[in-house]
Amino acid sequence: MLPRQKPKIAIISLRNSYNYGGVLSCLRATYKFCETYFEPTVFFLSFDPELATSIHRLKFASNSKPLSYFGMNCVEIGARWSFWEPGHYVFTQPTWEKLLQQYDYFFVVSGTCIAAHPLVLLNKKFVMWVATPYTEDREQRVKEFGEIHYIIDRLANKKMLALEKNILSSANYIFSISSYVQQKFNSILATKRTNNTWCGFPIDCSKALPLNIYKENILIAVGRFSDPRKNITMLIKAFSLIHEKNKTAKLYVVGKKPSNEKLYDFCDYPCIENIVFTGQISAADLTALYRRASAMLITSHQEGLGIVGLEALLHGTPVIATLCGGPEDFIIQGRNGYLVPIDDVQAMADKALELLSNHALLCQLSLAARDFIHAQYSLQTI
């Protein structure tokens, strides 16, 4: 007797250009989950000039192509006129319709819910796992747009907000990545929806090494610090205050480094010699840093969740984060970390110095950090 064939499922997402981050983590977790029950294929909207329309190349048609991305079976679909965001999926609707016609199940995994637009256009049923509302995702980045880009964005904004509301209304089920995001979506819909729940992110606790209670005199920050949402200014100013009191403390900044222009303002800070910008590092090296660090600092203006905070807690590293949304789900004040107001560099510095100078307190928070992840965010629980 032949084994029963698994049904096909299309996972709709966006492919980023830096190959790491929260959306990619969610996408890989979804793909792995779906493989148990379905035959999954990921579909990306692509802005690669080889596939998308490009005025500079006088290329006015878009194409699609299959690819393997982190071991996932994927199809990339070139965008048309990428500068006009409301049209990203409208202009390519025939391509989406053709490629998705053999699929009956649809799962959207993305930073915002806009990636679900082709499914709304095609009147498909779908569930989605979403990290943040559209406005919050862009609020800080918009401030750095050039004049032309800013004008186009403002012209598109009203349409995009209406589109977001329509997608949220059309979704059959919404997995919000945090209670903060769940509340924001309910606010957009002006009602508390029974098909909108928050689910967090699954952490594979089975891979955790034994706790290292001999933490070093270092702090860690992980993220794409070229993104203004990550608030590199607060991070360096807070570490500057820490360095004034603890000259040997080091800060490891993991992820995409901010531009030289942004760092220029801090080149005269004495603490800058104690900051190590590692760039992107391997998972093994990141785990080693988590285990060594006395605390993680999250200085963001906004976070849908902050998966790196969960990873730090798993390895017994307390987290000091701003009141930026998602971290409020997993940081229990004074138990596994601390929450401070956005841009309150003194409050963040004080909490970090307290952990660096009080070994007994650090051990207490480290043990509670791992226990919390095992109880609330394990793979089995989520």
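This report describes the parallel sheet, the salt bridges and the aromatic pairs of a predicted model.

Local features were taken at pLDDT of at least 70 and side-chain atom pairs at pLDDT 80 or more, whereas totals for chains, interfaces and linings use all residues. Residues are numbered from 1 along each chain as its sequence is written, and side-chain values rest on heavy atoms, with hydrogens and water left out.

## The sheet

Helices (H or I, at least four residues) and strands (E, at least two) are DSSP runs, numbered from the N terminus. Two strands count as paired if DSSP finds at least two bridges between them. On this basis, six strands form an open sheet with parallel pairing, in the order β11-β10-β9-β12-β13-β14. The edges are occupied by β11 (275–279) and β14 (337–340); each has a single partner strand, so one side of each is left without a neighbour in the sheet. From one strand to the next, the twist averages 20°. Axes are lines fitted to C-alpha atoms, for helices over the stretch in contact, and angles run from 0 to 180 degrees between N-to-C directions.

Five bridges join strand β9 (residues 218–222) to strand β10 (residues 250–254) in the parallel sense. Within this pairing, I218 has K250 of β10 as its bridge partner. Two helices pack on the sheet, where contact means heavy atoms within 4.5 Å. Helix α9 (residues 283–292) touches β9, β10 and β12 (295–298), and its direction makes about 135° with that of β9. Helix α10 (residues 307–314) touches β9, β12 and β13 (319–322), and its direction makes about 170° with that of β12.

On its other pairing, β10 runs parallel to β11 and is joined to β11 by four bridges. Here L251 has I275 of β11 as its bridge partner. Strands β9 and β10, together with helix α7 (residues 232–245), make a right-handed β-α-β unit; a crossover is right-handed if, with the strands pointing away from the viewer, the path from the first strand over the helix to the second runs clockwise. Burial is judged by relative accessible area: under 20% is buried, over 50% exposed, and in between partly exposed (1.4 Å probe, protein chains only). Four of the five residues of β10 are buried, so this strand is largely enclosed by the rest of the structure.

## Salt bridges

Side chains of opposite charge can pair when their charged atoms come close. A salt bridge is taken as a side-chain nitrogen of Lys or Arg within 4 Å of a carboxyl oxygen of Asp or Glu, and the count by this rule is eleven. Three examples follow.

| Salt bridge | N to O distance |
|---|---|
| K262 and E144 | 3.0 Å |
| E216 and R292 | 3.0 Å |
| D227 and R224 | 3.2 Å |

The salt bridge of K262 with E144 connects helix α8 (residues 260–264), which holds K262, with the loop between α4 (134–142) and α5 (147–170), which holds E144, so the pair ties together parts that are 118 residues apart in sequence. Both ends are partly exposed: K262 has a relative accessible area of 23%, and E144 has 46%.

In the salt bridge of E216 with R292, E216 lies in the loop between β8 (196–198) and β9 and R292 in helix α9, so parts 76 residues apart in sequence are tied together. E216 is partly exposed at 34% relative accessibility, and R292 is partly exposed at 28%.

D227 and R224, by contrast, are both buried. Salt bridges that share partners join these two residues with D137, R141 and R229 into one network.

## Aromatic pairs

Rings of Phe, Tyr and Trp (its six-membered ring) pair if their centres lie within 6.5 Å; planes under 30 degrees apart count as stacked, over 60 as edge-to-face and the rest as tilted. Eleven aromatic pairs are found in the whole structure. One of them joins F33 and Y37, whose ring centres are 5.4 Å apart and whose planes stand at 55°, so the pair is tilted. F33 and Y37 both belong to helix α1 (residues 22–37) and are four residues apart, about one turn of the helix. F33 is partly exposed, with a relative accessible area of 47%, as is Y37, with 48%.

The rings of F372 and Y377 have their centres 6.0 Å apart and their planes at 45°, so this pair is tilted. F372 is buried at 7% relative accessible area, and Y377 is buried at 2%. Elsewhere, ring pairs link F44, Y69 and F70 into a cluster.
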